[in-house]
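Thanks for making the time this morning. I would like to walk you through one structure, strand by strand, so please have a look at it before I go on.

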Amino acid sequence: MDVKAMEASMIKDNPVLLPLNKEKTIYDGFITVQASYHERDFRVRITLPPDRKITGGRLHCCWQLKHLLRGYEQTVKQRLQQSDNLVTFILELKTILEVGLKSFPEHQSIPPPQYYSQLISEMETLGWSKLLFIDTAFQTLQLNAEDSSGRQHLLTVKLKPKHPAEAPDCSADLPLPLLINWTPQTTLDQLYGQFLLVLESLTRFWDVLDEIDRNTWILEPEKPCRSDTMRRIAIGNNVSIKVEVDPRHPEMLPDCCLLGAEHGGCKNQIGVVTPLRNKLNTNMHLWNPESDVLHNLQDVLEIEFPSPASHEKSEANVFIHHRRGD
């Protein structure tokens, strides 16, 4: 290939890799590499000896390119020594980079420019006030939402580089899996609307647990999350009840497990747990789905739970408060 043909080919194939001097021994700029579904640009500088032969040339890379070429250094050196000219070397370098990109999926995950314009457009429709956080890659978003009872919730959305063609990964502090219906036409505003419907379907479940938290002494978990369905409630005399509320049917009788001593301190003395278990089994028919869970539990067990205001967790014993007439 003569000099003029080589220069014409350089301009055609690498329009942003330009000579910096009239001798054309220093080239600086970018080479474009096909990366999966879009193109990637890498900054390079190539210096040639006075005779402009590539065999005596040197390649200078940006840090991203150095990282990508790790393990391919000897191959690049061989191409420098064996290529006929600069155009051939750059072509072979691009081939090496395309292979390298397939080995490092993270280099393929940078979204194309239209991804960002799409994201900005969708956020303007959704409302920037709902955005609590976005990472530097503009791929992980945290959105604030409020249910009908005023509880605050956080929706984390991890967008894919091909958004909206690919469904995002969504997560939230919920007692049930978050299932989102997604098509390539779905927007963030529509996704957010689906999340609000999920919150609304769980409102009664959280109302039930909030009432239990306000009015009883909770032993576990110490700091309940919105995804927690279990509460261990203190009863007294080192006795407690573990309650598992069904998020889909929060008003129904929950799974209950009484915890404590089965027998008293003296021989043949009946402990506290056994009478309570007998009442639980005998009074199940009293459960009223129209009433709240806390009152139902007290009716079935024939007790009143110690309130958090009148008891400290450091107390060794809490005595059962039987209702008058029991």
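Let me begin with a question: which residue in β8 is the bridge partner of valine 157? It is cysteine 170, and before I place that pair in its surroundings I should say that what you see is a predicted model, with a mean pLDDT of 85 for the chain and 87% of its residues reaching 70 or more. Please be careful with residues 313-326, where the pLDDT is below 50, although this stretch does have 30 contacts in the model beyond near neighbours in sequence.

Back to the strands, then. β7 is joined to β8, residues 169-172, by four bridges, and the two run antiparallel. β7, which covers residues 152-158, is also antiparallel to β6, residues 140-146, and here seven bridges join the strands, with leucine 143 having leucine 155 as its bridge partner in β7. Between β6 and β7 there are five residues, which makes the pair a hairpin, and glycine 150 in the turn has a positive phi of about 85°.

Further along there is an open sheet of four strands, in the order β9-β10-β11-β12, with antiparallel pairing; β9 (218-220) and β12 (255-259) are its edge strands, each pairing on one side only. β11, residues 239-244, pairs with β12 over five bridges, and valine 243 stands opposite cysteine 256 in β12.

Two helices complete this part of the picture. Helix α7, residues 203-215, lies across β9 and β10, running at about 30° to β10, while helix α8, residues 273-282, lies across β10, β11 and β12, at about 160° to β12.

Note on methods: Residues are numbered from 1 along each chain as its sequence is written. This is a predicted model: local features need pLDDT of at least 70, side-chain atom pairs count only at pLDDT 80 or more; totals for chains, interfaces and linings use all residues. Side-chain values use heavy atoms; hydrogens and water are left out. pLDDT is the predictor's confidence in each residue, from 0 to 100. Contact means heavy atoms within 4.5 Å. Two strands pair if DSSP finds at least two bridges between them. Axes are lines fitted to C-alpha atoms, for helices over the stretch in contact, and angles run from 0 to 180 degrees between N-to-C directions.
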